[in-house]
Amino acid sequence: MEKITCECGHENPVGTKLCGKCGRPLTEEEKQKKLVDMRYDGIAIRSKTYNKSIIDKIWNFFSSVKVGITLIILNLVAASIGTILPQEFYVSVSSAPEKAKYYEDTYGTFGTLYYNLGLSDLYSSWWFQILVGMLGVSIIVASIDRGLPLHKSLKNQRVKRHSSFMKRQRLVAEGVPTAEQGKTLDLVEKKMKDMKYKVRREGNALLAEKNRFARYGPYINHLGLIIFLGAVMLRLLPGFYIDESTWLREGELRAVPGMEGYFIHNDKFILETYDNEPTEEQLKQGVNVMAKNYQTNVTLYKQQEGDLPGQTDNLKVVDKYEIKVNSPLKHDGYAIYQMDYGLNELKTMKFALTNKTSGDSLGEITIDLSSPETEYILNNDTRVEIVSYLPDFSGFEEGVPQTASPTPNNPAFIFRMYTPEKPEGETSFVAIQQTLEPLGENTYKMSFQGVETRNMSGLTIRKDKTIPFLFIGGMIFMLGVAIGSYWAHRRLWVEELPDGTVRLAAHTNKNWFGMKKEMDAVTAFAHLPAYIDQVEAEKEESKKEGDNTL
Amino acid sequence: MSLIDLSGNLLFVAFICYLIGTFLFGGAIKEKEDTAAKRADKWGKIAISITIVGFLAQLGYFITRWIYTGHAPVSNMFEFTTAFGMFIILSFIIIYFMYRVTALGVVALPIALLIIAYASMFTKDVSPLVPSLQSYWLTIHVITAALGQSILSMSAVAGLIYLLKNVDAKKATKERFWLEAVMFFCVLVIGFVVATTAFRAAGYEASFEHVTQEGKTEVVEYHMPAIFGPNDYVALSEDRMTPFVEVPALFDASKMTTVVWSILFGSVLYVLIRLIARRSVTAMIQPLLKRVNSQLMDEIGYRAVLIGFPVFTLGALIFAMIWAQIAWSRFWGWDPKEVWALITWLFYAAFLHLRLSKGWEGKKSAWLTVIGFLIIMFNLVVVNLVIAGLHSYA
Amino acid sequence: MDKKRKRSISRGIILALLAVAIGYTVYTTFTKDKVDVLKVGAEAPDFELVDLNGKVHRLSDYKGQGVLLNFWGTWCDPCKREFPAIERQYKSFESQGVHVLALNIAQSDFEVKNYVKNMGMTFPVAIDQTKSVMEAYNVTNLPATILINKEGKIEKIVTGEMTEAQIAAHMESIKPE
């Protein structure tokens, strides 16, 4: 492989801007600059050096920071477009034509366009995922390309640097120190050590350095991001992620969807509201009461080992829990959440067997709508038979009453009433607000007395095995960002020249203000010549203004 | 005096302190050749002291309201926005003691003032928490996110000062135009505050019956003369202005009316300022900042992003995800507020990359910090009030 | 030049892996809704239910014979339409080792018994009270018919109404020998 050999004899990879050993500028461009480019300590960014095969070209594309930033911006813009109108999953209709209609009805032509362009489900569109994926690739490739060479270069730093390197740092000083001859480096070393620097000396040169790890911050946070994105993808593998939901009425026992072998019983659903006066804001929104608590008291059961679906005789109680919003039931890696509720579904209906003319009642029956009996016996010669029960009566078809669903939304019954007066029985069809006597005028009727209701809970069952990975990714990211943001890598190079003058150069990757404070301290302590900030000096020359006191 | 009254008074005290502080900071940086340094020192000390007093008063408001309501006062638009203003002051105080730059106060304090004034236009009613907000994560997530946003806002403060100093107010450039546009936007916020306060003081009320998107008939109450009437409206109050335009049910006519009144008031105010001063707002402020060190402003702007970015990530993304997993069963659901937190985060990530790898410094960097602040404001105002979602405050 | 080759190969591998990962992500999000937990050819999940006559049915007891598993509800119109056909085919196939098990989804005894009586169904009917069998078979829409062959493997999954000819063909397909 080609190498550039520096005057000091060190071999550097092609593309290196500053010699890895002594810091001499290696490119013409770098030699012309007033200040050296210290961004990656002058290392060769790998991708920039080769550009041969198609693989190299793709690699270089993703390695470019410009491409990375472009991808960030593209993701940003794409994400924002998805917030113009509500996404499909927040719209409470399920089928495609209904959705199309919803967007058209609610948002007009723009809504239709939005829906047809697929923007209403933008975040699961192929192109958005590819965009995020490309950003991920960019993060990986760019980090490999920069992180590894930078690590090598930082590890192999030499103490003594070439004058052309030193002179082109932002903070520089050169002059005769006012301290005792030959003592300067000792004084610098002492002070820098006091300020928690690591000091290395080599003959008449000194390098004080601290917080080198801060340079790894960006690579650590990128690693965290990669782990995070990887964990998000992991979710797609079978078995990593379960997302189910179920409606559970009070008193019902059901198999828990997605949770094999587990059963859940709804003991009670509780809705509490605040008893305060509604505030002005609430009135404006037309809300009179504010919910205080949604809660489902449940019992979680598990089948005995070896039991099959359908066998519920040997269930054992695993947990009794009050599921609330913000307080899901957690068991065995699963979590069951309180998500929704339905109030006052009919549970029982009470009827009185009444004489139509006298209004006398022969007794009352209570029908449990979730398990009606065939026959309700009032006494020896009085009983009521249920011929037919339609939980959700929807009309007659060829004279036969129909039900639209198994839910008791609109219960209807065909009763056969046996009474002492009519021992052969009378038939009556009873629905809400409707009574028919299909087989002729009756003497008796089933008069409606009242109902009991029950509530139901909408529960979501979730299992997400990717959470620990996401968490680790997030923590590594935070660690990296914190390291990269809150610590600065600072270095000070000092060289005592044979003629007694001292040459200094200082570099920090950020927070020059802080660096200068430490420079002030060491300058005063070791009686060093005053340093100058070459960036500010440049500005000063062109503008002649600016005041440090403000 | 009850706790909630005490709380309100403390907020008022804080507001007055910030107002005085603004002028004191203005005095501190005013150019007077002979005693400039001394003035800065003397006035600056008084100014920061007053600011700290104001901050403590606002902290008092925050704590007393917390005790009174029983939860961290960050649960509605008024509470959150006020807290945001408070954290901007806190960030300013921190940055002040890091760099001792008085000029920052001249911009940071007015911005905090505008934000608190804006907040107080919303209902101050104490309302209990709905079940989904009943979690200690409310405190952790919202406070960390607001703190992160306010530190990031400080970078815009530094950026704005940088621009106000370095954009030539005499030459008609695009830069000058946009900078003046930012100033105009600030005046619009004042316009909103003035309009709301004026109509409120006049006790203006008008009700309209209208038909909603779902076909229901509802009554809406206006507190400003209706420019836009709601869908199929029937005026219920007598002797009130008839709306000029009726808008479809999709749009909130009442909010549109408020926006237009704010723009009207703001524009009139702006024109008045221009007529009286005979200069652009930029040109008015520019001399004040003549002695500011641009290099230092650039560094502060960058430093504020560096400090704020991790805090913002932690509060607005990580804590948000943890809470969302607990309350809504999923850590991420592409809710508009979540998306805009992500957008803010991506924007500052782009900023850091541009700065680190592309060497964007000075004006470019300053403009980016200002845009970042606009995104934060968009997230606070538009996303909360206009785009419907789980975080919606209205 | 060896080093260069090595570099190209490692870069190629990394890029290829990333491309596959992205491709897989896009692919799975697209097919997510269509993939069922149950697949044709897979072992039919075993279960045990008691029918209306009190007889216990355990799927694994039917090994060596074919089973037509039908999930239904009283409100479901297509269910109602296909039952007479199933009944007829049941009568001709029962002796040839093809059994019919009709599983009602968590309705009351009264409703189911009444329905069975009215429809004149003679094959065994059981009620899946806790919906656990329904969960195990990942049934979301009614009617759903699972055809299980003599090895206890799923031969076919039918969602929606079947004609009599289809029923006959399906039963034929799971007939032992």
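Here are some questions and answers about this predicted model.

User: Which two chains share the most contacts?
Analyst: Let's start by ruling a pair out: chain B and chain C do not touch, and their nearest C-alpha atoms are 15 Å apart. That leaves two pairs of chains that touch, and the one with the most contacts is chains A and B.

User: Which helix of chain A gives the most to the side that touches chain B?
Analyst: This contact takes 55 residues from chain A and 54 residues from chain B. On the chain A side, nine residues come from a single helix, and it spans residues 65–81. The top contributor is helix α4 of chain A.

User: How many residues on the side of chain A that touches chain B are nonpolar, polar and charged?
Analyst: Remember that chain A puts 55 residues into this contact. Split by class, they come out as 25 nonpolar, 19 polar and eleven charged.

User: How far apart are the C-alpha centres of domain 2 and domain 4 of chain A?
Analyst: First, find them in the chain: domain 2 covers 45–155, while domain 4 is written in two pieces, 218–235 + 466–487. Five residues of domain 2 of chain A are in contact with five residues of domain 4 of chain A. On the domain 2 side, those are two nonpolar, three polar and no charged residues. The C-alpha centres of the two domains lie apart by 19 Å.

User: Where does UniProt place the feature "domain: ResB-like", and how far apart are the end C-alpha atoms of residues 426–520 of chain A?
Analyst: The UniProt entry, which is unreviewed, puts this feature at residues 65–425 and 426–520 of chain A. Looking at residues 426–520, the span is 31% helix and 46% strand. Its end C-alpha atoms are separated by 108 Å.

User: Which helix gives the largest share of the side of domain 1 of chain B that touches domain 2 of chain B?
Analyst: Chain B is divided into domain 1 (3–169 + 282–385) and domain 2 (190–278), and their C-alpha centres are separated by 29 Å. Each domain puts six residues into the contact. On the domain 1 side, all six are nonpolar, with no polar and no charged residues. Three residues on that side come from the helix at residues 103–119 of chain B, which is helix α4.

User: Are α9(B) and α10(B) roughly parallel or roughly antiparallel?
Analyst: Helix α9 (residues 294–327) of chain B packs against α10(B) at an angle of about 150°, with the axes 10 Å apart. Angles over 145 degrees count as roughly antiparallel. So that angle makes α9(B) and α10(B) roughly antiparallel.

User: What is the handedness of the crossing of α9(B) and α10(B)?
Analyst: Picture the two helices meeting through residues including B:Phe309 and B:Phe312 of α9(B), and B:Trp345 and B:Leu352 of α10(B). By class, this contact holds twelve nonpolar, one polar and two charged residues. The crossing of α9(B) and α10(B) is left-handed.

User: How are α10(B) and α11(B) arranged, roughly parallel or roughly antiparallel?
Analyst: In chain B, the axes of α10 (residues 336–357) and α11 (residues 363–385) come within 10 Å and cross at roughly 175°. Among the residues that meet are B:Trp340 and B:Phe347 in α10(B), and B:Leu368 and B:Ile375 in α11(B). The contact has eleven nonpolar, four polar and two charged residues. Given the crossing angle, α10(B) and α11(B) are therefore roughly antiparallel.

How values were computed
Residues numbered from 1 in each chain as written. Chains lettered and ligands numbered in written order. Predicted model: local features only at pLDDT ≥ 70, side-chain atom pairs only at ≥ 80, totals over all residues. UniProt positions renumbered as here; feature names shortened; annotations may be inferred. Helix = DSSP H or I, 4+ residues; strand = E, 2+ residues; numbered from the N terminus. Axes fitted to C-alpha atoms, helices over the stretch in contact; angles between N-to-C directions. Parallel < 35°, antiparallel > 145°, perpendicular 65-115°, else oblique. Contact = placed C-beta atoms within 7 Å. Nonpolar A, V, L, I, M, F, W, Y, C, P; charged D, E, K, R; others polar. Domains from an automatic or database assignment. Left-handed = near helix turned anticlockwise from the far one by under 90°.
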